[in-house]
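Subject: Structure handover

Hello,

Please find the structure below, for your own work. My notes on what was found in it follow.

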Amino acid sequence: MNLDDRRERPALSRREALGSLAALLGSGLALEARADPGDEKARLATFEADVTPPLGHACMGGGIAPVKRVDDPLFAKGFVLTGPFRPIVVVVVDWCEIRNDAHSRWRSALAEAAGTDPARVLVASVHQHDAPVADLDAERILHAHKAAGSVCDLAFHEQTVQRVADALRQGLRTTKAVSHVGLGQAKVERVASNRRFLTVDGKVSFSRTSASHDPRAHEQPEGTIDPWLKTLSFWDGDRPLLAMSVYATHPMSYYGQGAVSSDFVGLARQRRQKEEPDVLQIYASGCSGNVTAGKYNEGTVEDKSALTDRMHSAMTRAWEATRRQPIGTVGFRSVSFRLEPRDDPGFTVEDLTKRLTTDPKPFGQCLAALGLSWRKRCDAGAKLDLPVLDLGPAQVVLLPGESYIEYQLLAQRLRPDSFVLTLGYGECATGYVPTEKAVNENDTNLHDWCWVAPGAEQVMTDALTAALKSPA
């Protein structure tokens, strides 16, 4: 794709626009769309804060060893766009997941700090596993049933949210004019691979995990991935202000030993920050529920170092390939939709409640509480949203949970004329959001950590199409 060659899209007539809106409302999706006037320059504020959990805090929702040491700190890094429109906030957090009422709390607290609406706050997790899963109601459910498991520390969570909100307020004291966006991309070599591969006897396996020791997992092709790392940057004239890189892979080399780390993606980001100290470096994971480094990683220290080098190389090359374009009219769209909760055996409210007291493993209790927290919100009528920050030549779209890579590729196909950055791990209450093909092939990763019923693909496709194709 030639980043300097952008075709102008013909404007929709009023009749066409109203027809698109009517079709959208008839589909059961709800669209909030606002195009903000371009008679005043947008301005940018940046912020970051430490979000490292304390010793003893649960990691991966209680699924692995709690924090024993900190190899390198975790951060929340973000920006606020202001101008002749209500502020728009994007923040990426070095946590495993932020779910349910915890995700709502982040959005409301940052919205208050920025003077905007929670709907205009995009909160994404990077998804490192030696890091917290935040789900406040799940933790309360565990306490109420006197369960042994623990998902997160409620007091630490609130302290962290307030720390990040304070950093945002401080950032807003010094805003900078934004005249251009920078668009750059580079192919990442020898990092990502799809979980799906064929075994020796030709059967489909989904066991190519973050660190894989099966020789066949290394020998088989990478499978369906997005090989491109994309970097979106904001500029004041010829002065760069911020660079946000996005790539789709599970961000772990190895984990479960109680050593907190931002892992190879965070270490590559840290290296870029040292090289460009005046340009805030943000890294976000793309839609990588079914993408890992397992083809190229056996979980050794040497592999972690090699993966870091490869990610750093791609970030550097994407930066070198960056071409600036005048920022367009800043727009915001948000589509609300519903993904049905699972109700098959083991996932009914009755089964999950029973598991809280009968599962001998604390992590099993945690899984039950996470499922109940999601069901409670679904049964109360809560919906997910799919927000899009539109910058003219580029769009930033945030998808829920561990969305599969196919949704990221779909987003790019929907806007082949544009530079689309697709972030995964927004509202993570869903767990995995698979394709129907994965469900039909009995993807073994969906036996747990997946709280959505089959049929999600069509709903996600409709929501993405509405968010990316409808006029602001």
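**Strand pairing around strand 5**

Strand 4 (residues 75–83) pairs with strand 5 in the antiparallel sense, over seven bridges. Please keep in mind throughout that this is a predicted model. A single residue separates strand 4 from strand 5, and the two form a hairpin. Within this pairing, K77 has V92 of strand 5 as its bridge partner.

Strand 5 also runs parallel to strand 7 (residues 121–125), joined to it by five bridges. There, V90 stands opposite L122 of strand 7. Strand 5 covers residues 85–93, and eight of its nine residues are buried, so the strand is largely enclosed by the rest of the structure.

**The five-stranded sheet**

An open sheet is built from five strands in the order 17-15-14-10-19, with mixed pairing. Its edges are strand 17 (280–285) and strand 19 (323–326); each has a single partner strand, so one side of each is left without a neighbour in the sheet. From one strand to the next, the twist averages 25 degrees.

Inside this sheet, strand 14 (residues 228–236) and strand 15 (residues 239–247) are antiparallel and share seven bridges. W235 stands opposite P240, which belongs to strand 15. Helix 7 (residues 301–320) packs on the sheet and touches strand 10 (180–187), strand 14, strand 15, strand 17 and strand 19. The direction of helix 7 makes about 45 degrees with that of strand 14.

**R269**

Is R269 buried or exposed? R269 sits in helix 6 (residues 263–275). Its relative accessibility is 7%, and buried means under 20%, so R269 counts as buried. Leaving aside residues up to four places away in sequence, R269 touches F75, K77, D94, S262, Q281, I282, Y283 and M315. Of these contacts, K77 is the residue already named as the bridge partner of V92 in strand 5.

**The second largest pocket**

The second largest pocket may be of interest for your side of the work. Its volume is about 320 Å³. The pocket is lined by 18 residues, and those closest to its centre are M60, H129, R195, Y255 and Y432. Sorted by class, the lining of the second largest pocket consists of eight nonpolar, seven polar and three charged residues.

Regards

Terms used. Residues are numbered from 1 along each chain as its sequence is written. This is a predicted model: local features need pLDDT of at least 70, side-chain atom pairs count only at pLDDT 80 or more; totals for chains, interfaces and linings use all residues. Side-chain values use heavy atoms; hydrogens and water are left out. Helices (H or I, at least four residues) and strands (E, at least two) are DSSP runs, numbered from the N terminus. Buried means under 20% relative accessible area, exposed over 50%, partly exposed in between (1.4 Å probe, protein chains only). Contact means heavy atoms within 4.5 Å. On a 1 Å grid over the protein atoms alone, a cavity is a set of points where a 1.4 Å probe fits but cannot get out, and a pocket is an open set with protein on both sides within 12 Å along at least five of seven lines; lining residues have an atom within 4 Å of a point. Grid points are joined across faces, edges and corners, and a volume is the space filled by probe spheres set on the points. Ala, Val, Leu, Ile, Met, Phe, Trp, Tyr, Cys and Pro count as nonpolar, Asp, Glu, Lys and Arg as charged, and the others, Gly among them, as polar. Two strands pair if DSSP finds at least two bridges between them. Axes are lines fitted to C-alpha atoms, for helices over the stretch in contact, and angles run from 0 to 180 degrees between N-to-C directions.
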